[in-house]
Each structure stands twice: as C-alpha cells, then as structure tokens.
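Got your viewer open and your mouse ready? Let's take a walk through this protein, one selection at a time.

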Amino acid sequence: MADLSTDIVVIGAGILGLAVAVELTARGRDVCVVDLGDPNASSVAAGMIAPAFESVLEGADAARAELLRAAGGLWPSFARSHGLTLDHRPAEWRGPDPDSMATRLGDLGFRFELRAGTVAALDDMRIDPADAMARLLASLSFRGIRARAQAIERVDQGWTVLTERGSIFASQVVVATGVGAPVKGLSQPATRAVRTVRPIAGQIGVVAQTLTDRVLRGPGGYVVPAGQGALIGATMVEGQMPALIDPSASARLIAQAEALIGRSLDAAVEWRAAVRGATPDGLPLAGPVGESIHLALAPRRNGWLLAPLVARTVADGIEGRPCGPYAAALDPLRFNPREG
C-alpha cells in the first residue's frame, strides 16, 4: 500500500465505525477505514434495534428512553439510504407478568399490544448483523485498508495514521476501535476518554434450525430468527476480557430459550463470544475531543440501535454543525473535565 491522503480516517469497522463512515461519505467526504477485518462485537450480536424493551429492561428513566426512541427512529431512513433490510415484526415479551411489562412500556411512551399473555413492542425491530455489515462494506465508496492502526502522529493541518502497510494522512481521525488500550499518539483528552471504557463480555448461541419467526424476549434471554436458523442469548459479564464461553451460562441460556419457544431445543448450539465496551452511564462516547480527533465508542449492548445516532453526532462534530439534542448525553469528555 502506497501512502495515502484522505479527508477522514475511521479506525475500526464495527457497526459504529461503519455507520460513521457511510454517513460522512453520504455527505461528500473522502473517507478511509482502517481495520484488520477480524470478527468484532458487532458481528457477534443479535442486531436488535429495541428502544422499547431495552428501556424497560435497563431501567431507563424518561430521558434515556426518549434518547433510545430517537435513535431507533433514525433507522428506517438510514436503512433505505444504505440498502439495508429491517425486520419490522414486533418483538414479543414472553416472560412473567405481561401486564406489568405493558404498563412500564406505556409509562415510557412506547407503543405496545397485549396478545394472549404476551406483549408486542411495536417500536422495536431488528436487522441481520452479518448481512448488514456485508452490505455496508460492499456498497461503500470509501477506501478500506486491512491493517492495524499502530499509532497516530500530529502533523501540520492533520494527523498521520501509521500502519504496517503504510501511512495515511487525514485532516481528521475518528477512533471507533471498541474496547482496549488507546491508540498510541492520541491526544491526552482522547486518551483519558478512551480509558473510561470498560469491557463487558458476552456469549451468544447459533442454532442451525428455525426456532421462531420473530424476536422473543424474556428475563435474562432471547431467541432471534437468523437466516435459516436462530440465535439465542445473551450474557453480560462486567470486566471480563477476553470473552470466554461459560458452560453454566450456556445451560441457562438454553433453558431460557426453551421456555420462550415452548419446547425442547434438540439442535446443536455453536457458542460465540465477544467483548463490548461500556461507559459508566451506559451511553457511548460520540463526538469531538479536540485537535481534530473524534470518538465513536462503547455503546454497551446497544451498538446496533445507537449506530445512526452516533454517526450523525460524530459527522456533525466533524463538520462543525450545531449540536443535536442528544450530543451532550454522548459527549466523549463528559467524564473528564474539559481543558480551558
């Protein structure tokens, strides 16, 4: 690879990095994405875009629920713009006390239907992660470099991103690397922000058998249609890195899946694990941190739901547009005092 020059380098090709890249490309910016191309947390996911059930299950207050609802509301236009297919079949709650679940959804302003002991969340939808990421990668007009960003260096009017395959000069850099050590050479404010991110490991099961035609949720688990099979999940283990497959957790998830589908699971389960990043308040770091550096990190369990909102927030920050109504909640420097 010869040395390159571009407007913006995005480091990381999870769903947040890809969403930022396609948003910027749609705005006419020249973008280069740097990523090794290995599986990441976005691909080890169920692809649920579920502001309603996530708000209830996470104990969200009205303000958090409104942010998640707004994020979900961006998805239909985002999907149309980038050739993605949304599954609009409402997710169903098949856990205990459906009346209480319906009340909590209604109190937070979400639409629902009670259906013979289940609750359908009409604002929730889903996307197939593997298909969506493949379509984004195939349709993008920006350049993708399969390499590891080893470091960045400040140069006149921008940054040089150093990789084992060469250097890339850009006027601005977006760090979307997930959980892990800060990229060498980041500014101090960016480094401090990245260090607030903590790992959350999780596992999900892949079944080569159709178990359901829609998302089914219960306390501590879900079953999701996926191609000709299904996904069952998921665990969340705070502070674990690397991700590990826990046999006892596998047994619990299988038992929950069987309760949701109403029969025994007689198919083999392939278990996969990944580590997600999370901040102390559970919202991602999205936006500028100074010196032409921007972050798109740590969406906890809601990377797919929050991707278009993160992309819009980061792109607006790059272009110096007025902050949107949720920019303060996603401010990457909110856990650290601003200099000056």
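How many bridges pair S15 with S16, and in which sense do the two strands pair? Select both strands and take a look: the pairing is antiparallel, over 5 bridges. Before we go on, keep in mind that this is a predicted model.

**Stop 1: S15 and its neighbours**

Stay with strand S15, residues 221-226. Here 6 of the 6 residues are buried, so the strand is largely enclosed by the rest of the structure. Colour one side, Gly221, Val223 and Pro225, and then the other, Tyr222, Val224 and Ala226: both faces are covered.

Now pick out Val223. Its bridge partner in S16 is Ile232. Turn to S14 (residues 216-218), and you'll find Leu216 standing opposite Val223 as well. S14 and S15 run antiparallel, joined by 3 bridges.

Next, follow the chain around the turns. S14 and S15 make a hairpin with 2 residues between them, and Gly220 in that turn has a positive phi of about 85 degrees. The hairpin of S15 and S16 also has 2 residues between the strands, and there Gly227 takes a positive phi near 60 degrees.

**Stop 2: two cis peptide bonds**

Carry on past S16 into the loop that leads to strand S17 (237-238), and select Ala234. The peptide bond from Gly233 to Ala234 is cis, with omega near -10 degrees. Now move to Pro242, in the loop between S17 and helix H8 (247-261). The bond from Met241 to Pro242 is cis too, with omega near 5 degrees. Why stop for these? Most peptide bonds are trans, and most residues other than glycine have a negative phi. Hold on to the second half of that for the next two stops.

**Stop 3: S10, S11 and S12**

Select residues 149-155 and 158-163, which are S10 and S11. These strands run antiparallel and are joined by 6 bridges. For one facing pair, show Ile152, which stands opposite Val161 in S11.

Is S11 buried or exposed for the most part? Of its 6 residues, 5 are buried, so S11 is largely enclosed by the rest of the structure.

Between S10 and S11 sits a loop, and Gln157 is in it. Gln157 has a positive phi of about 65 degrees although it is not a glycine. Gln157 is exposed, with a relative accessible area of 72%.

Then add strand S12, residues 166-175, which pairs with S11 in the antiparallel sense over 5 bridges. A hairpin links S11 to S12 through 2 residues, and Leu162 faces Ser167 in S12.

**Stop 4: Ala116**

Jump back along the chain to Ala116, in the loop between strand S6 (112-115) and strand S7 (118-121). Its phi is near 50 degrees, a positive value in a residue other than glycine. Ala116 is exposed, with a relative accessible area of 85%.

**Stop 5: an open sheet**

Which order do the strands of the open 3-stranded sheet follow? The order is S3-S8-S4, with antiparallel pairing. Strands S3 (48-49) and S4 (86-87) stand at the edges with a single partner strand each, so one side of each is left without a neighbour in the sheet. S4 and S8 (residues 125-127) pair over 2 bridges. Show Asp87 and you'll find its bridge partner, Arg126, in S8.

**Stop 6: a pocket**

Switch on the surface and head for the second largest pocket, which holds about 590 Å³ of space. To find its middle, select Ser43, Ala130, Met133, Ala134 and Leu137: of the 32 lining residues, these lie nearest the centre. Among the elements giving two or more residues to the lining are strand S2 (31-35), strand S9 (143-146) and S16, the strand from Stop 1. The largest share, 5 residues, comes from H6, the helix at 129-139. By type, the lining divides into 21 nonpolar, 4 polar and 7 charged residues.

**Last stop: zoom out**

Show the whole chain, with its 10 helices and 20 strands. Its radius of gyration is 20 Å, close to the 20 Å the globule rule gives for 340 residues, so it is as compact as a globular protein of that length. Along its principal axes, the C-alpha trace spans about 65 × 40 × 35 Å. If you colour by burial, buried residues make up 54% of the 340 in the chain.

Key:
Residues numbered from 1 in each chain as written. Predicted model: local features only at pLDDT ≥ 70, side-chain atom pairs only at ≥ 80, totals over all residues. Heavy atoms only, no water. 1 Å grid on protein atoms, 1.4 Å probe; cavity = no way out; pocket = protein on both sides within 12 Å on 5 of 7 lines; lining within 4 Å. Points joined across faces, edges and corners; volume = space filled by probe spheres on them. Helix = DSSP H or I, 4+ residues; strand = E, 2+ residues; numbered from the N terminus. Nonpolar A, V, L, I, M, F, W, Y, C, P; charged D, E, K, R; others polar. Buried < 20%, exposed > 50% of the residue type's maximum accessible area, 1.4 Å probe, protein only. Pairing = 2+ DSSP bridges. Rg over C-alpha atoms; globule rule 2.2 N^0.38 Å.
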